[in-house]
Amino acid sequence: MVPVRDLRVRPAAEADLAALVRLRDDAARWMLARGVTGQWRPGELDEDHFRRAMTHGEVWLAEAGGRLAGAWELWWEDEDAWGPQPPVAGYVHRLMVDRTATAPGTGRLLLDAAERQVAGAGRTRVRLDCLAGNAQLNAYYLDAGYRVVGHKAGKPQPGGTPKSFTLMEKQLG
């Protein structure tokens, strides 16, 4: 496994679409193997999803030792979950880690990188939504300094039925 200190972050490109789908599907399989159901399913998102995410927001990759180590989407609004909001936050979605290529702690480094990007854009908060029924993931974000600020029932999902989420926020700076 590549040490987390060797991560390099860059914007995703068209050539990365297949790798992003593989990373997402591998993360979904990892969750299912550990009994986390209802969150992600393999095959749920395709290249078009990530292409749209790159058009309407940002998709970031982290590489370690020349291999894809993880990725995330960064949005500048998320009305489906948060409703209309003033432009004070960045919204992190689909934080994914390749657990076969990286050491423990990589996910936190990816989250830190996303927070730096939000701060660099002049925004003061990072927001995310976390599947309400995933206690382990909710605890992960609470441990990373996020706080619960609300709940959203029935949020639309790409390629699936609406789900309920815990809304979390972290003040930057």
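**View A. Y141 is a buried tyrosine.** Its relative accessibility comes to just 8%, and buried here means under 20% relative accessible area, with exposed being over 50% and partly exposed in between (1.4 Å probe, protein chains only). Y140 is partly exposed, at 28%. This is a predicted model, so local features need pLDDT of at least 70 and side-chain atom pairs count only at pLDDT 80 or more, while totals for chains, interfaces and linings use all residues. Residues are numbered from 1 along each chain as its sequence is written, and side-chain values use heavy atoms, leaving out hydrogens and water.

**View B. Y140 and Y141 pair up edge-to-face.** The structure holds 3 aromatic pairs. In the one shown here, Y140 and Y141 sit 5.3 Å apart, centre to centre, with 80° between the planes. To pair, rings of Phe, Tyr and Trp (its six-membered ring) need centres within 6.5 Å; planes under 30 degrees apart count as stacked, over 60 as edge-to-face and the rest as tilted. Add Y146 to Y140 and Y141, and you have one aromatic cluster.

**View C. Two arginines lie over aromatic rings.** R108 is over the face of Y140, 5.3 Å from the ring centre. R99 does the job at W30, at 3.7 Å from the ring centre. A charge sits over a ring if NZ of Lys or CZ of Arg is within 6 Å of the ring centre and within 35 degrees of the ring normal.

**View D. R94 has a positive phi.** The value is near 50°, in a residue other than glycine. R94 belongs to strand 4, residues 89-97, and is buried at 14% relative accessibility. Strands (E, at least two residues) and helices (H or I, at least four) are DSSP runs, numbered from the N terminus.
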